[in-house]
Amino acid sequence: MNLFGIYEAGYLMFKNTNCHQNTIRVPTMIECLFFNTIELKIELENRMKFFYLKTRDVVKFLEKNEIDVSPYASELELTHLFHQYILYPQEIKAKYSQHLISGKCLKGRIKLDIWKLDADDTGIKVANLFEWLFTNTVKLPLWDGEKMTTYTVKRDELIDNLKNHHVFVDWQISDEGLLHKIRSLAIQSLAGSKVDLIANALLGNFVHMSTVSSFTKEGKELKGGSEKELHFISSWAPTPILAIKIYEKKNEVSQNPILITVLQKNEPVSVYIDANELAQRLHLSLEKIEEYAKKGELEAYLSSKEDQLACLETVLANYKRLFKKQRLLGRTSLSPEKLMKMIHAFVKSMRVGDPPVLVAKKYIGLFRGKKLHIVDMTVKKTINQGAFIEALSVQNPVSGRPKVLKIIRTDFPKAELARHALKNEYDFLHKLHRGFRGKKIPGIQKAPHAISNLSKGKGKEGFLLTPQYIGDAFDNEIVPDEKAIQALYKLLKGFEYCVKKKNLGHGDIKPENMLIREVGQAYEIDLSDFGGARFLGKARGLGIFSVNYFPYNDLLLLREYDTGVPEDQELFDAYFRLKDVYALGSSMYFILSGGYEPYHLREYNRALDGPYNDEFIVRRKTFAPGGHPPPEANFNRELLLKNKIPLEIIDLIEKMVNLNPDERINIYEAAKIFDAYMDSKGKKLTLY
């Protein structure tokens, strides 16, 4: 699998790591010549790139994230460990944290935690420079509870320290083997004669960690802790939030102790766990746990719950987020127990690929990745009904905020086309906003919250959950003032950013696809409807469009260069962008004029006007056949002047809606003109 990262200011940042440190410095070319490095292939936003990282920096990165790196690891082993940690941070941390050699270094002597009960332990002396140069030494990585430090100690003194505690090793043992022996002692010390209960052989690992806070299946909080202790992580629930604290003695468990045996380093280790904690943390039946444990069949019971346990981390993450949000907003519409049950049902449905579950006959759950969004369907009302998609106003029961749910109409015959449009809108908007420093590009519709079930098959129609807007610029009259100009400026700048950075071609810009969003006492206008949008460069075809925002000259040129021949692709893309500029300028005119188009034209009538190309006067007074703006016409400035629109903005719009695409300004020129006007108002916007 590829590593995904962001490269900025000489540093690589990995977003998928939930860790103390998720950035690492990229060395300069000169540093690569003089230091040991490893090579990594990283997938950035738009491309793959090879990076060289200093071996020392990689080791420090892993150690700061509590990963015990052997001082004797090869370059290949180190590269593999780093790669695996970035991809699976929790699993690798759980696996390697048990290897930590913990202790303290005080006044030049190391006291290992495995001998902390030995009052006579004198520790191990840290080697000085002379000893490092002229005697056999061992690199000893030590975890002090906060950070990892590698010390150099004399080899014979380390072996003598083990002998003093009745641990004997062969003098010929390798340095790595010596460290392996010390690591295993922390686990082995827990082993003992535990024959008072039937032992349950379990698959899993021991991890030295703090207890992680969690929630029971009733939604009650389980407190975490700061002190690091040994925990057991089952192979069926391999994540720290599901780790169970272990005890060396039976009487340390307040009630319901279970004896478990776990294979560690090919040696069986026996400890106790609390049945109550196991039931609470894994959302299992206490009665069933006790029943199977008494027969020594606890592992069989855990394996039978594999599907439930595989979902549990996702359930807990969503419950924690939604429970916290509801509490912060002071809402009580969903009780903790009801919320937890709903999340369990939604996550189970998502995992098996079923259509959204209707819980309590009113709620459905939609996902973005593993992030759950809940919708209350009892407060729905239709706000828009297109050719194949119905938009409903619904409510988020956790926050109480309105949302928009788009659903494929059941009476639409070409359902596959509708599914494609919904999926394209979801993917397209997330790709557009990805990497933008403010998360949302000004003037561009917010990315949808979630999408669900776009596959073929009975009952699997599309559901797309998006933020709520108060309406579009076609049906909602906008006062043509400075607020409107500022909102249109942000839209144009956001669109320019998308063209520049993402090579966007929208294809269907019009007032109906401009959504109004309240922002405090003001409002913003966001470009929407990206179901037919494309990233230019390879895409061909005219796509979805509205004829009155698609000039006749542009139509002829795009048809001419829509050949599929690579040499014509650049010209096709250029004219497609210019078509978008016309549509954007015409939409700005519509909003600032009070609902008019930039040219005062009547419909073309062949019976009245004759063949279209015969009379020049016809082309100036009518639309072209099909309703397209004609090759020539007179721009109507009067309506904008009547509404007291500044001359700079009128001139800008006139240049954007020039009916000759070869004389029309492009989006960058339009943004430059608009920038100059807004700069004079002290409101210039810089996006890149």
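# Cores, sheets and two loop residues

Reader: Which residues does Phe674 touch, not counting those up to four places away in sequence?

Author: Phe674 touches Ile485, Leu488, Tyr489, Leu492, Met588, Ile649 and Leu652, leaving out residues up to four places away in sequence, where contact means heavy atoms within 4.5 Å. This is a predicted model, in which local features need pLDDT of at least 70 and side-chain atom pairs count only at pLDDT 80 or more, while totals for chains, interfaces and linings use all residues. Residues are numbered from 1 along each chain as its sequence is written, and side-chain values use heavy atoms, with hydrogens and water left out.

Reader: And how many residues has the largest nonpolar core?

Author: The largest nonpolar core has 60 residues, and Leu584 and Phe674 have the most contacts inside it; such a core is a set of buried Ala, Val, Leu, Ile, Met, Phe, Trp, Tyr and Cys residues joined through side-chain atoms within 4.5 Å. Buried means under 20% relative accessible area, exposed over 50%, and partly exposed in between, with a 1.4 Å probe and protein chains only.

Reader: Which elements give two or more residues to this core?

Author: They are helix H13 (415–433), H14, strand S28 (514–519), strand S29 (522–527), helix H16 (566–593), helix H20 (647–656) and helix H21 (667–680), and H14 gives the most, with 11 residues. Helices (H or I, at least four residues) and strands (E, at least two) are DSSP runs, numbered from the N terminus. Domain 4 (352–468) and domain 5 (471–687) both give residues to this core, so it lies between them; the domain bounds come from an automatic or database assignment. Apart from it lies another core of 46 residues, including Leu230, Ile258, Met342 and Leu372.

Reader: Switching to Asn318: is it buried or exposed?

Author: Asn318 is buried, with a relative accessible area of 2%, and its place is in helix H11 (residues 306–328). A polar atom of its side chain lies 2.9 Å from the backbone oxygen of Lys370. Leaving aside neighbours within four places in sequence, Asn318 is in contact with Ile343, Phe367, Lys370, Lys371 and Leu372.

Reader: What about the sheet with the order S1-S5-S6?

Author: That one is an open sheet of 3 strands with mixed pairing, two strands being paired if DSSP finds at least two bridges between them. Strand S1 (3–4) and strand S6 (48–54) each have a single partner strand, so one side of each is left without a neighbour in the sheet. S1 and strand S5 (residues 37–43) pair in the parallel sense over 2 bridges, and Phe4 stands opposite Glu43 in S5.

Reader: Which strands does helix H3 lie across?

Author: Helix H3 (residues 75–87) lies across S1, S5 and S6, running at about 30 degrees to S5, whereas helix H2 (residues 55–64) lies across S5 and S6 and runs at about 90 degrees to S6. Axes are lines fitted to C-alpha atoms, for helices over the stretch in contact, and angles run from 0 to 180 degrees between N-to-C directions.

Reader: Last topic, phi: what is the value for Lys107?

Author: Phi of Lys107 is near 55 degrees, a positive value in a residue other than glycine, and most residues other than glycine have a negative phi. Lys107 lies in the loop between strand S7 (103–106) and strand S8 (109–112), and at 89% relative accessibility it counts as exposed. Asn503 has a positive phi too, near 60 degrees; its place is in the loop between helix H14 (482–502) and strand S27 (504–505), and at 24% relative accessibility Asn503 counts as partly exposed.

Conventions. Polar contact = N/O pair within 3.5 Å; in protein donor to acceptor, adjacent residues only side chain to side chain.
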